[in-house]
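This report concerns the internal cavities of a protein and one of its sheets. Please consult the sequence and the structure alongside the text.

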Amino acid sequence: MLTLRPNIRGTRRLAAALLAGGALLAPAASFADTTITAVMHSSLRVLDPVITTAHITRDHAYMIYDVLTAVDENFQPQPQMADWTVSDDKLTYTFTLRDGLKFHDGAPVTATDVVASLERWGKRDSGGQMIFDVTASLTAADDKTVVWTLASPFPPLLNVISKQSALPPFIMPARIAATSPDETITEYVGSGPFVFNTDAYEPGVSATYDKFEDYVPRDEPPSWMAGGKVVNVDHVVWTTMPDNLTAINALANGEIDYIEQIQVDLKPILDASPDVTVEMRDPLGYVTIGRPNFLYPPFDNKKVRQAALLALSQEDVLATMMGSPEYYTICGAIFGCGTPLADETGSEPITSGAHPDEARALLEEAGYDGTPVVLMQPTDVVSLTNQPVVAAQALRNAGFNVDMQAMDWQSVVQRRAQQSPPDEGGWNLFFTNWMIPEISDPLINVMVNGRGDDAWFGWPDDPEIEALRSDFAQAPDDAARKAAASKIQAHVMDNVNYIHLGEYAMPQARRDVIDNMIQSPVPVFWNITKDGE
């Protein structure tokens, strides 16, 4: 942790419009009571946590929704909205809702709401799909009791529904959860610790969350997404600043309170700011990856995907992203280096540097005809701006015809969900990042889903990996799970379900008036306190 102390006093100009680094600082809402003003890693435009895995949408969902169960900092499922029991034959899971659960519109949370939310989630989530494959029934026995009955045991059920990220099963009113998972919800009512202020919401500019006065937190101390979610402030405002230098200057000047991601080469600017703390929120870090589109040429051809992997280098990508090796690690394990399932089988082509000559030869063998690779390049997220640029040059060096198209990240998020041909508004390749906990096993890692149209964006139809995932889910012990995961690792590297580009860590920054932040991979705003100015 690096602690820096600027001499900041005076009134915060929350509604100021600043021009710095070529980017306009969006005006934030102004409140007389306690408000935290934060710059998140991306603007917020997509509000439905089921139709996207975008982290900013997940972060939004944790503000306003709650979950049945949640993992603590030891990766153990804990009660959140409900306690549970499991039958001796491991086929029946009974969840009992705790007292005091209420939606933001005043209605009580019922078991019917839970069932509808789980069913919608289960149609889109990678692990949820596997649970529903073996589900005999999911019913509301009464207003507070959910009974989930399986046709055959699914040992990781609690781990899957308790996961911290990708697609957690957020609970919403049944009338909203009845929306098709292929359509976006239009009402944002949860039972979580904050209420989404729809009147103050400006898509892509700012989002405002107000304390939910009727929220009843659990009694346990907070631990990641588990435990008591105690809100100590009245409002949280996310304001968009695409330029990191603008955000850093605003933090140093007391205009904002928190920045989720600090561009490493700009961090020294904060050395003269003694009232600011720069730190690592997440000790586990992230992975960065490239995802090809399996539906269209050229990446519907396995040899072309293999050529793309050979063309790229983890070192080149990570060094450009982060600058200093202090913040990145060459790692060939798709489930994360240092995790229980870590295995680097088959990763040497991507961890040992670029191999343009081998990639070019493989392209020739594949009969590549120069079909353009439409590569989406986000320009407004610190941790995503460099990968496309490095990759585009590496792919060109290997003989690919690359059409790199610049856009903001939320445009990427929306476009990557489209199955249109690349020359009709679709795409061939994009890059994104994941927290280590959300890729650490085959049931959580959505990129190893091989269910075609029901898979994650890119839509691989891969029965072999689905069989391997089933083997993992039914494995009787840790050794069998490790063996199944190793086979999935080898398959992903050979089939190139995605291009694993290594691990990195991104610092955050906050004014020292902000304290008691939970060291969770997901940034959360409960438990935080803010001292007076």
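The cavities are described before the sheet and its helices.

The model is predicted. A search of the whole structure yields four cavities of 30 Å³ or more. The table sets out the volume and lining classes of two of them.

| Cavity | Volume | Nonpolar lining residues | Polar lining residues | Charged lining residues |
|---|---|---|---|---|
| Largest | about 170 Å³ | eight | seven | five |
| Second largest | about 70 Å³ | four | two | three |

Twenty residues line the largest cavity, and those nearest its centre are H41, H55, L384, T432 and N433. Two elements, α1 (55-64) and β22 (429-435), each contribute at least two residues to this lining. The second largest cavity is lined by E260, Q261, M280, R281, D282, G285, Y286, A505 and M506.

Attention now turns to the sheet. Four strands, in the order β8-β9-β11-β10, make up an open sheet with antiparallel pairing. Its edges are formed by β8 (82-86) and β10 (135-142), each of which pairs on one side only. On average, and with direction ignored, neighbouring strands of this sheet are turned by 15° against each other. Within the sheet, β9 (residues 92-97) pairs with β11 (residues 145-150) in the antiparallel sense over five bridges. T92 has T149 of β11 as its bridge partner.

Two helices accompany these strands. Helix α2 (residues 111-124) lies across β9, β10 and β11 and runs at about 155° to β10. Helix α3 (residues 126-133) packs on the sheet and touches β10 and β11, with its direction at about 90° to that of β10.

Key. Residues numbered from 1 in each chain as written. Predicted model: local features only at pLDDT ≥ 70, side-chain atom pairs only at ≥ 80, totals over all residues. Heavy atoms only, no water. 1 Å grid on protein atoms, 1.4 Å probe; cavity = no way out; pocket = protein on both sides within 12 Å on 5 of 7 lines; lining within 4 Å. Points joined across faces, edges and corners; volume = space filled by probe spheres on them. Nonpolar A, V, L, I, M, F, W, Y, C, P; charged D, E, K, R; others polar. Pairing = 2+ DSSP bridges. Axes fitted to C-alpha atoms, helices over the stretch in contact; angles between N-to-C directions. Contact = heavy atoms within 4.5 Å.
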